[in-house]
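Reader: Hi! I'm in my first year and still learning to read protein structures. Could you walk me through this one?

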Amino acid sequence: MTVTGMDEVRDALKSIAQSQTQLLSAFESVSQRVSELEKGRGATGPSRPTNGTSRVDSDDVLDPSPTPLHAGYTTDPSLVSAEAGTQQASKSAAAIGKLEFPSRVILTTYPKQIGINPFPMEWGHADPVKRGPVVVSRNSSTIRRRNAIGAHGGSYSIYYALAVASRELPLDHKPDFTNTEPAVNIGPFPQWGDKKKIVAMDPWGHQVPWLFKDVMEKENVDLRPTIAITKAHMKLPELEESVRSGRLVPDGKVCINSQGELAVTKVAVEPVWYLPGVAERFGIDEGTLRRSLFEFTGGMYPELITRADIKVFLPPIGGLTVYIFGDPAKMSDSSKRLALRIHDECNGSDVFGSDICTCRPYLIFGIEEAVKEAQNGGCGVVIYFRKEGRALGEVTKYLVYNARKRGEDRASDYFKRTENIAGVKDMRFQALMPDILHWLGITKIDRMLSMSNMKHDAIVGQGIPIHERVELPEDLIPADSRVEIDAKITAGYFTTGHRMTDDELKAVQGRIWEDLDH
């Protein structure tokens, strides 16, 4: 076949594909209109007589059979097409309280499927427009253009679904981003264009509504930020005591007044994973990662299996918050000193002051030291990750507490209690943690306010040197948390002090329940 003949065939195939896409769009448009008409007929249609005298609206009569068209599920397996990845709708009338969904339930999609046309995604490209937007919404105007799996909001996506289902939130709501621009400018930095350095967040996530405004308007796609930057004041009771004791000195800029009120820049980040990069960080192949994510989220995301062409995943997990003290521009200035605290969530201690661990004392100490560094002309940063109970969760944490307190609660058995219940000591997996440092433009850390060997190794492994490690002062360690801190030091946590022998570790015992009435 001649070159001209091949071109003609290619053009013909392209024309067929375009026609099929237009046909699919027209079909979905008609289906949506049918749903609207059915809803209208249900609301205004004729009433039927009951017991010969009174009448009741048809909407008040509940259809005993579930209807995929309106309820979004079916008990009839024959209505599910595995090959097409869609669930066909029945024609039953809508029941009261049922939300009007489109007539097809799209369970999954496939590469090269008719009508599927994802936005190009070149992860790691320094130009955000050439890199492409992260498109994950399943709105009718966007679902065919998705280049990411999952949903916005992380774990809060479930509440979004509940808000829609309960009619508190319109199904077609689109945010108005007027005046929501970042409160301060951060970046861009060279690290944003390196797909080896940032694999767990979208470096352009704070600029989405403005970078891709034309795309959102002209192509009617639903794009949303995954990062937000604001400014605030921080007030904690310990900080007022820090001022009274002279550890903090008000300067009117960072430490604003005698109550220890602090000026802070805050950055909220939702996770966005580049799956090949995440797999590489963990030393596993991408297929294994995808299969494990699919299996252990209850099969929630079948496109992890069916869409190998989509490389971006928004996981249903908590994100992180950055607290910046001083001028944010100084974080990336290698001539300025930087103090950093990486802190993993501990609700019991951080919020409610439990004394069984050192989490809140270390958090407050980290904030104080960050403020001092900022007042001395540098910058202080505290990064708070949502990884409750070493990412094992609070239920597991409390089960471990029970096992400890019903036993002898000795430091020598500290990690064993956790392993007995969870099967592992720790699931925080710090391999992805340094991404936020790259995004902030941090290239070195002068004072690392952490004793964790895992955090240290992850940061240094990403090419960011740490010049000094600062441990928690002895006088800030609660008595009942000696079990935790001594066990961690023996297991490899940083210390300039004594590292206990096995016999010494056995002698470290926490408070047991019988010591105090509850």
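Author: Happy to: we'll go through empty spaces, salt bridges, unusual backbone spots and the surface. Keep in mind that this is a predicted model.

Reader: Cool, let's start with the empty spaces. How many cavities of 30 Å³ or more are there?

Author: There are four cavities of that size. The largest cavity has a volume of about 490 Å³.

Reader: And which residues lie nearest the centre of the largest cavity?

Author: Those are Cys359, Arg390, Tyr414, Glu484 and Lys488, out of 31 lining residues. By class, the lining has twelve nonpolar, seven polar and twelve charged residues.

Reader: Which element gives the most to that lining?

Author: Helix H13 does, with five residues. Strand E12 (338–344) and helices H12 (359–375), H14 (414–422) and H17 are also among the elements that each supply at least two residues.

Reader: How do people find empty space like that anyway?

Author: Rolling a probe the size of a water molecule over the atoms shows where empty space is left.

Reader: Nice. What volume does the second largest pocket have?

Author: The second largest pocket has a volume of about 1000 Å³. Its lining is made of 37 residues, and Trp273, Pro315, Ile317, Met427 and Leu432 lie nearest its centre. Helix H8 (275–282), helix H9 and helix H15 (435–439) are the elements that give two or more residues to this lining.

Reader: Which of those gives the largest share?

Author: H9, with four residues. Sorted by class, the lining of the second largest pocket has 23 nonpolar, seven polar and seven charged residues.

Reader: Switching topic: how many salt bridges are there?

Author: The count comes to 32 salt bridges. One of them joins aspartate 202 and arginine 131, with the closest N and O atoms 3.0 Å apart. Aspartate 202 sits in the loop between H4 and H5 and arginine 131 in helix H3, so this pair ties together parts that are 71 residues apart in sequence.

Reader: Are those two buried or exposed?

Author: Aspartate 202 is buried, and so is arginine 131.

Reader: Got another one?

Author: Sure. Glutamate 368 forms a salt bridge with arginine 247, and the closest N and O atoms are 3.1 Å apart. This pair links distant parts of the chain, 121 residues apart: glutamate 368 is in helix H12, while arginine 247 is in the loop between helix H7 (237–245) and strand E8 (262–269).

Reader: How does glutamate 368 count, buried or exposed? And what about arginine 247?

Author: Glutamate 368 has a relative accessible area of 4%, so it counts as buried. Arginine 247 is partly exposed, because its relative accessible area is 39%.

Reader: One more pair, please!

Author: Arginine 428 forms a salt bridge with aspartate 344, and here the closest N and O atoms are 3.1 Å apart. Arginine 428 lies in the loop between H14 and H15 and aspartate 344 in strand E12, so the pair ties together parts that are 84 residues apart in sequence. Arginine 428 is buried at 10% relative accessibility, and aspartate 344 is buried too, at 7%.

Reader: Which residues are linked in a network of salt bridges?

Author: Asp355, Arg404, Lys405, Asp409, Asp480 and Arg511 are linked that way.

Reader: Okay, what about the backbone? Anything unusual there?

Author: Some background helps: most residues other than glycine have a negative phi, and most peptide bonds are trans. Here, the peptide bond from glycine 187 to proline 188 is cis, with omega near 0°. Proline 188 lies in the loop between helix H4 (157–165) and helix H5 (208–211).

Reader: And which residues have a positive phi without being glycine?

Author: Asparagine 179 is one of them, with a phi of about 65°. Asparagine 179 is also in the loop between H4 and H5, and it is exposed, with a relative accessible area of 69%. Phenylalanine 429 has a positive phi of about 45°. Phenylalanine 429 is found in the loop between H14 and H15 and is partly exposed, at 48%.

Reader: Last topic, the surface. Which residues form a nonpolar patch there?

Author: Tyr156, Ile158, Tyr159, Leu162 and Met300 form one, with about 600 Å² of accessible area together. Methionine 300 is in the loop between helix H9 (286–295) and helix H10 (303–306), and at 45% relative accessibility it counts as partly exposed.

How values were computed: Residues numbered from 1 in each chain as written. Predicted model: local features only at pLDDT ≥ 70, side-chain atom pairs only at ≥ 80, totals over all residues. Heavy atoms only, no water. Patch = residues over 30% accessible without salt bridge, like charges linked within 9 Å, V, L, I, M, F, W, Y side chains within 5 Å. Areas by Shrake-Rupley, 256 points an atom, 1.4 Å probe, with all protein chains shown as cover. Salt bridge = Lys/Arg side-chain N within 4 Å of Asp/Glu carboxyl O. Buried < 20%, exposed > 50% of the residue type's maximum accessible area, 1.4 Å probe, protein only. 1 Å grid on protein atoms, 1.4 Å probe; cavity = no way out; pocket = protein on both sides within 12 Å on 5 of 7 lines; lining within 4 Å. Points joined across faces, edges and corners; volume = space filled by probe spheres on them. Nonpolar A, V, L, I, M, F, W, Y, C, P; charged D, E, K, R; others polar.
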